[in-house]
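Student: I am new to this structure and would like to go through it by question and answer. Please show it to me.

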Amino acid sequence: MDVITDTVYENFERSFDEFKNATNLTKQEKATKLASQIDILSLSRNGLTFLYKKSLELEKEGFFNGTPWSDPEKLVPFLVKGTLLNGHPGSSFEVLSELRMLYYLNEELSESEQRISKETAQDYMEEVIVHNLEFAFKEISEETRSLMSEREIKKAINLFGFLLSEIEIKGIFEKLALEVKLTCEQRPIVTRKARELIRMLDRHFEADSEQNKNHFIKTYINALYAPSKGARDHKNLDDYQNFVENCSRNTLYSEAEEMGEYMSATGLVSKYHAMLLKKLLSDTPELVPVLLDLNDQGKAEWEEYRIMLSQLVMDIIHPENCQFIYGLSEMMRRNLFVRRVVRVGLENLRKIKINPQVEKRILKSIVNPSPGLSAIQYLMSGVIRVLGQPLGVGQGNNPTCQSARGISMWSQHAPAKLIDMIITVATQNNLLIRFENHDLVSNQLGKGLLEKLDYNLDVVSVVLVPHLDKIYNEMMHRSYGRTEDPHKWVNPSMYGHWIQVGFASCYDYLSNSIMDFTGFVRIFYAAFHPDYNGNRHLVYPNPVGIFITSNKGDMVGFHAISMLRVDKDKDDQTRVYFLNPNNEGRQNWGQEIKPSVYGQGEKHGESSLPIQEFAARVYAFHYDPLITNSWISNVPEEEIIKVKTLAEQSWGKSYIWSQQIKLW
């Protein structure tokens, strides 16, 4: 609807008057009716201009009351796209919310009216645009087209066209560049987001490599589009294929070396990389370690298992499947092929016949499946990526952090078990795990936490998560009603024998209160802080439960993560390094607690926090009581007070605090 008639404006005003005069009983109904009018108006530029001018009045009248948009200071930029994808009525509330934020940025308001500062509004708007570039630049991905109606796509494009015309986006390049860097530093298995951001940068911004602020962005652009001299000179893939077929060994070496360096620097692989690897495997296999940028251990592994590895790679290699090459390189750096059980597991996996339902799930997770690749090839490459990048596993937009955490743990410490599990589910579309002398068979269980699978996941997760989720949920269900947190029994059964049997939780399920938090923190420090536990370090990942808080420190919910290690950073500060499986380890948790993913000694895929900030969000963990009890008296009271103060002033405001002593 490009032209808005007077009738449309009259209908809006009528609905707005009805909303303002509604009783508490009819307020929600009238808000829904009003949202329908907003939906109509948002389909044109004139309609958006009208809504922009009305946005603050709508807010003052309570249009956002009782919704996620009620407090502008608590809005999260990267959640906007998900709301738009879900369509009306949520998308209509989102449109008005963005216009309201723009109003706070552009208009001169009294101190009482200015609910959010102009600086905060500017940062927010820039972040929203960074996370919605396909709408801003009218370049809609196939994935988005499959999820949104044409009407909703038009609404989103109109919104971002309006925002771009009304805002000075001076900081968008820097934010976009930083987003690319920090996303890639986490080395996600699913690289779709990073590739899309880099493509947008390459097409719409000038990244002059001579300028320091842009130099690193050129590295990411080159990693995808020009990872070698040959690729820069022969951008067409067919031309590059002819080039590598006819060049000298010295040239092949130079090509392999440059591509390997780009891959290691960014975690990204280009289509050229796949074409060159196939050539090297056929003619000059001694150059494969150069292309994979292997360390000495990886080179030795290549020499030992070259025949097996060559066959494995040749079975699945394809330009449209190139990203698995990074996972292969990382697998060899981890020396996983030395383990006979891993080699046998992969050989068994190659020979399976995939269940038709599982095959549908696999292909559905690929945005544009290539006719040159089968489901088994996608699965094999997905397994290699997960085994090579255990900290790159994410849960997507699914409430399945426990399952993602498990896949990551097994990849790190039980890779053969993980492969065997994948084979079972891929062939049977079913899974069996034993819990307290009972066999839990996923297809015989009710629903888990997962209502509808978000397919923006790695292939291994797409295969396993629907089954893991149901089994984990059943374990929790069977453990409810006991006097302690169900995770005490569920985690060791679900994840494996390396989970310590000792368990501490400050949250009491039965009374919904916080119990003996001082004692809880004392045990945490005695178990994990190297200054107070005899300088002992974690051997295995520890499944930890945390309170997730908003950027204001308010309680949001519970979340499952893995504590990986506790070490000193470059400033000699003790930090906890952990896996956050929610795809983004950088949220603002309030109280200036902002997990870092780069620059504080993190390995790729880790998040980190100073130990007192991390401990202030923990509510449950496993530990060894026989060893830990002897160190409890070492923990100073002032350390406990720091943690308790942070907790009480954030999520702790949502609970009753009990001084009752717990027998840990």
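Student: Which residues in the largest nonpolar core touch the most other members?

Tutor: The model is a predicted one. Its largest nonpolar core has 95 residues. Those that touch the most other members are Phe337, Leu379, Ile407 and Leu464.

Student: Which helix gives the largest share of this core?

Tutor: In general, nonpolar side chains in soluble globular proteins tend to be buried together. Here the largest share of the core amounts to 11 residues, and they come from residues 459–479, which form helix α26.

Student: How many residues are in the other core, apart from this one?

Tutor: A second core lies apart from the largest one. Its members include Phe64, Leu96, Tyr103 and Cys184. In total this other core has 69 residues.

Student: Which residues does Phe337 touch, leaving out those up to four places away in sequence?

Tutor: Contact here means heavy atoms within 4.5 Å. By that cut-off, Phe337 touches Glu301, Tyr305, Met308, Leu309, Leu312, Leu328, Met331, Met332, Arg343 and Leu346.

Student: What share of the residues of the protein count as buried?

Tutor: A residue is buried when its relative accessible area is under 20%. Of the 664 residues, the share that meets this is 57%.

Student: Why is the protein said to be as compact as a globular protein of that length?

Tutor: The secondary structure comes to 31 helices and 11 strands. For 664 residues the globule rule gives 26 Å, and the protein is as compact as a globular protein of that length because its radius of gyration is close to that value, at 27 Å.

Terms used: Residues are numbered from 1 along each chain as its sequence is written. This is a predicted model: local features need pLDDT of at least 70, side-chain atom pairs count only at pLDDT 80 or more; totals for chains, interfaces and linings use all residues. Side-chain values use heavy atoms; hydrogens and water are left out. Helices (H or I, at least four residues) and strands (E, at least two) are DSSP runs, numbered from the N terminus. The radius of gyration is taken over C-alpha atoms; the globule rule is 2.2 Å times the number of residues to the power 0.38. Buried means under 20% relative accessible area, exposed over 50%, partly exposed in between (1.4 Å probe, protein chains only). A nonpolar core is a set of buried Ala, Val, Leu, Ile, Met, Phe, Trp, Tyr and Cys residues joined through side-chain atoms within 4.5 Å.
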